[in-house]
Amino acid sequence: MDAIKTEALTKYYGKARGIIDIDLVVPEGDFFGFIGPNGAGKSTMIRTLLGLLSPTGGTADIFGKDIGEKKEEILGDIGYMPSEAVFYRNLKVREVISFSANLRNRDCKEEARKLCERLELDTEKKISELSFGNRKKVSIVCALQHRPKLCVLDEPTSGLDPLMQKEFYDILEERNAEGTTIFLSSHVLSEVQRHCRHAAVIREGRLLVSGSIEDLGKTQAKRVTARGISAPPALDGIRDTAVHGDTVNFLYSGETKKLLAALSLLPLTDVNIAEPDLEEIFMHYYREEAE
């Protein structure tokens with residue numbers, strides 16, 4: 001069964017673009033990244049998926065159930081973490097967490113305790129006393145304490161220090177290994193590359209590409225680092241050139257044998273040819289769409 005399936009899902013705010021004709025499938029048990037810069041439509045997509053916004057057109061199913069018809073039933077199986085955590089300022093952390101559990105009519109005390117301990121969250125502090133990062137931790141606990149089948153996380157790590165980011169992803173990896181589906185929206189591409197198995201790229205409300213992280217990387221472009229020269233070889237298919245002293249970095253999307261022939265004529269002291277990272281792949285798809 002698919003955890004998420006949308007067909008031509010569209011949301012306009014009046015005449016303003018939200019998302020347009022999104023066809024997306026996320027298999028149950030996947031760890032899925034939803035990639036795009038701020039303003040691309042990630043949050044609109046998530047809020048429409050959860051029934052928080054009514055779609056202008058198209059359909060969205062969660063575990064085979066239409067979000068418009070089975071909203072309350074579906075939301076019971078979802079843990080949602082918005083990009084900005086907003087809570088009642090005068091409540092204590094433990095009160096907010098308890099309130100969240102009570103909304104679902106579940107006893108989550110033991111799971112909440114474990115999560116708070118791992119995230120080093122002081123439950124006796126008032127929300128008004130917390131930093132942005134600690135409010136994020138409260139949001140994590142509220143989203144995960146009922147052990148949902150699907151976690152929908154919108155820019156979850158902003159505000160967390162590196163150690164807490166690692167702990168957060170350790171928790172997600174553990175949940176995913178137990179069968180939980182993770183749907184992660186992010187513009188931090190290194191996070192997606194490190195943790196997700198599949199991903200989709202969105203630009204200006206439209207889905208550009210969706211597939212495995214491995215397949216998304218098959219752009220035929222190579223990252224080349226050459227030392228001992230001050231300029232790249234004269235070849236078509238070279239772009240994004242950067243020169244630092246006697247070291248030249250560039251992306252090459254032509255034939256490998258032509259690249260090797262051209263490099264062999266240069267006074268190189270060292271050369272490295274590697275696959276581009278996800279950020280470069282992301283820019284490749286954006287540039288390709290623009291062209």
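Arg147 sits in the loop between α5 and β7 (150–154). The model is predicted. In it, Arg147 takes a positive phi of about 50° although it is not a glycine. Arg147 is partly exposed, at 39% relative accessible area.

**Backbone and loops**

Most residues other than glycine have a negative phi. Glu120 is not a glycine either, yet its phi is positive, at about 55°. Glu120 belongs to the loop between α4 and α5 (132–144). Its relative accessibility is 61%, so Glu120 counts as exposed, the cut-off being over 50%. A glycine joins the list too: Gly51, just after α1, has a positive phi of about 80°.

Lys92 occupies the loop between β6 (78–81) and α3 (93–103). With a relative accessible area of 26%, Lys92 is partly exposed. What does Lys92 touch, leaving aside residues up to four places away in sequence? The partners are Thr123, Glu124, Lys125 and Lys126. Thr123 is 31 residues from Lys92 along the chain, but their C-alpha atoms are separated by 6.7 Å.

Another sequence-distant pair involves Arg194, which is part of helix α7 (residues 189–195). Arg194 and Ile213 are 19 residues apart in sequence. Their C-alpha atoms are 9.6 Å apart in space. Arg194 itself is exposed, with a relative accessible area of 56%.

The table gathers the accessibility of these residues.

| Residue | Relative accessible area | Class |
|---|---|---|
| Glu120 | 61% | exposed |
| Arg194 | 56% | exposed |
| Arg147 | 39% | partly exposed |
| Lys92 | 26% | partly exposed |

**Helices**

Is helix α1 (residues 42–49) largely enclosed or open? Six of its eight residues are buried, so α1 is largely enclosed by the rest of the structure. The buried residues are Lys42, Thr44, Met45, Ile46, Thr48 and Leu49. Buried here means under 20% relative accessible area.

Two packed helices are described by the angle between their axes and the distance between the axes. Helix α4 (residues 109–118) and helix α6 (residues 162–177) have axes that come within 10 Å. These axes cross at roughly 145°. Which residues of α4 meet α6? They are Glu111, Leu115 and Arg118. On the α6 side, the contact involves Met164, Glu167, Asp170, Ile171, Glu174 and Arg175. By class, the residues of this contact comprise three nonpolar, no polar and six charged.

**The whole chain**

How many helices and strands does the protein chain have? There are ten helices and 14 strands. The C-alpha trace spans about 70 × 40 × 35 Å along its principal axes. Of the 291 residues in the chain, 45% are buried. The accessible surface comes to about 14,600 Å². Carbon and sulfur atoms account for 48% of that surface.

Contacts across the sequence can also be summarised. Among contacts with a separation of 6 or more, 70% are between residues 24 or more positions apart.

The chain carries 39 positive and 46 negative charges. The mean positions of the two sets are 4 Å apart.

Terms used:
Residues numbered from 1 in each chain as written. Predicted model: local features only at pLDDT ≥ 70, side-chain atom pairs only at ≥ 80, totals over all residues. Heavy atoms only, no water. Axes fitted to C-alpha atoms, helices over the stretch in contact; angles between N-to-C directions. Helix = DSSP H or I, 4+ residues; strand = E, 2+ residues; numbered from the N terminus. Contact = heavy atoms within 4.5 Å. Nonpolar A, V, L, I, M, F, W, Y, C, P; charged D, E, K, R; others polar. Buried < 20%, exposed > 50% of the residue type's maximum accessible area, 1.4 Å probe, protein only. Areas by Shrake-Rupley, 256 points an atom, 1.4 Å probe, with all protein chains shown as cover. Lys, Arg positive; Asp, Glu negative; His and termini not counted. Charge placed at Lys NZ, Arg CZ, Asp CG, Glu CD.
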